[in-house]
Amino acid sequence: MKYIESAKNANIKQWKKLHTKKERTKTGQFLVEGKHLVEEALKSGVVKELMVTTPDMLPADIQPDITLYELSEEAFSAMTETETPQHIAAVCTVPVFEEKKYERILLLDAVQDPGNVGTLIRTADAAGLDAVILGDGTVDAFNGKTLRSAQGSHFHLPILKQTLQKAIPALKEQRIPVYGSALSDAKEYKNVTGKGPFALIVGNEGAGINPEILQMTDQNLYVPIYGKAESLNVAIAAAVLVYHLRG
């Protein structure tokens with residue numbers, strides 16, 4: 001195990017860069033923090049480097065090809081972005097997923113809040129969906145806040161980045177019904193029968209789904225508001241719709 005004491009160490013500087021989308025895209029790597037996320041990453045076999053502040057933080061059964069580091073508290077704090085570091089972090093390789101047919105898919109159109117995207121990925125995982133597709137304008141899936149909100153679901157199902165204008169016709173060719181979450185030209189979700197394959201699109205927190213994309217759906221659905229709230233959070237609405245469409 002290698003020891004790093006200085007917060008100015010070259011490795012610390014490099015790992016810190018992984019908080020930026022530019023560096024994640026350039027290197028094909030991302031950083032996870034905390035015991036639970038590191039354990040999920042280890043199970044999926046994507047960990048390259050593992051950093052702890054004390055050796056007793058090391059999980060059991062670490063693969064032999066993972067490089068181990070012990071960091072001083074100062075060095076660890078300089079690398080992480082959480083206010084209360086959990087004393088363990090890992091550098092992971094971004095998973096590459098095969099292009100194949102998926103029968104239950106959640107599509108995100110320009111969802112910009114990292115917490116919402118993480119919760120949407122976690123919801124798709126909980127509902128047993130086959131994949132999540134991130135359309136143009138959607139925040140990077142491996143943003144730190146997104147990773148923490150998803151609570152390890154990044155390692156449980158494929159997360160793909162595609163232009164929805166191309167993804168939707170491909171789904172229709174497979175005869176998968178495509179639903180949009182919208183108020184215009186829409187049915188209350190309870191009036192649509194679930195079960196079987198489906199694709200659900202949810203949109204930007206403020207603007208909703210791009211009108212061009214909405215025109216490509218087979219049916220738009222809405223969740224009724226019974227109280228005085230103007231709308232539901234996008235992740236909450238998605239959860240209601242996804243579980244209904246699963247039947």
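In this predicted model, leucine 232 turns up in the loop that links β12 (219–222) to α9 (234–246). Its relative accessible area comes out at 38%, so leucine 232 counts as partly exposed, the class between the buried cut-off of under 20% and the exposed one of over 50%. Leu232 also has company at the surface: together with Ile225 and Ile236, Leu232 makes a nonpolar patch of about 240 Å².

Two further loops each hold a non-glycine residue with a positive phi. One is the stretch between β3 and β4 (67–71), where aspartate 61 sits. Aspartate 61 has a phi of about 55° despite not being a glycine, and at 76% relative accessibility this aspartate is exposed, because the class starts at over 50%. The other is the loop between β6 (104–108) and α5 (114–126), home to alanine 110. Here too phi is positive in a residue other than glycine, with a value near 55°. Alanine 110, however, is buried, since its relative accessible area of 16% falls under the 20% limit.

Turning to the sheet, five strands line up in the order β1-β4-β3-β5-β2, and the sheet is open, with mixed pairing. β1 (2–4) and β2 take the edge positions; each has a single partner strand, so one side of each goes without a neighbour in the sheet. On average, neighbouring strands are turned by 25° against each other, ignoring direction. At the β1 edge, the pairing of β1 with β4 is parallel and runs over three bridges. Tyrosine 3 stands opposite glutamate 70 of β4.

Helices lie against this sheet as well. Helix α1 (residues 10–17) lies across β1, β2, β3, β4 and β5, and runs at about 105° to β4. Helix α3 packs on the sheet too, where it touches β2, β3 and β5, and its direction makes about 35° with that of β5.

What does α3 bury, and against which elements does the buried part pack? Within this helix (residues 35–44), the buried residues are Leu37, Val38, Glu40, Ala41 and Leu42. These pack against the strands β2 (29–33), β3 (47–52) and β5 (88–93), and also against helix α6 (144–150). Just past the end of α3 comes glycine 45, with a positive phi of about 75°.

Notes
Residues numbered from 1 in each chain as written. Predicted model: local features only at pLDDT ≥ 70, side-chain atom pairs only at ≥ 80, totals over all residues. Heavy atoms only, no water. Buried < 20%, exposed > 50% of the residue type's maximum accessible area, 1.4 Å probe, protein only. Helix = DSSP H or I, 4+ residues; strand = E, 2+ residues; numbered from the N terminus. Contact = heavy atoms within 4.5 Å. Patch = residues over 30% accessible without salt bridge, like charges linked within 9 Å, V, L, I, M, F, W, Y side chains within 5 Å. Areas by Shrake-Rupley, 256 points an atom, 1.4 Å probe, with all protein chains shown as cover. Salt bridge = Lys/Arg side-chain N within 4 Å of Asp/Glu carboxyl O. Pairing = 2+ DSSP bridges. Axes fitted to C-alpha atoms, helices over the stretch in contact; angles between N-to-C directions.
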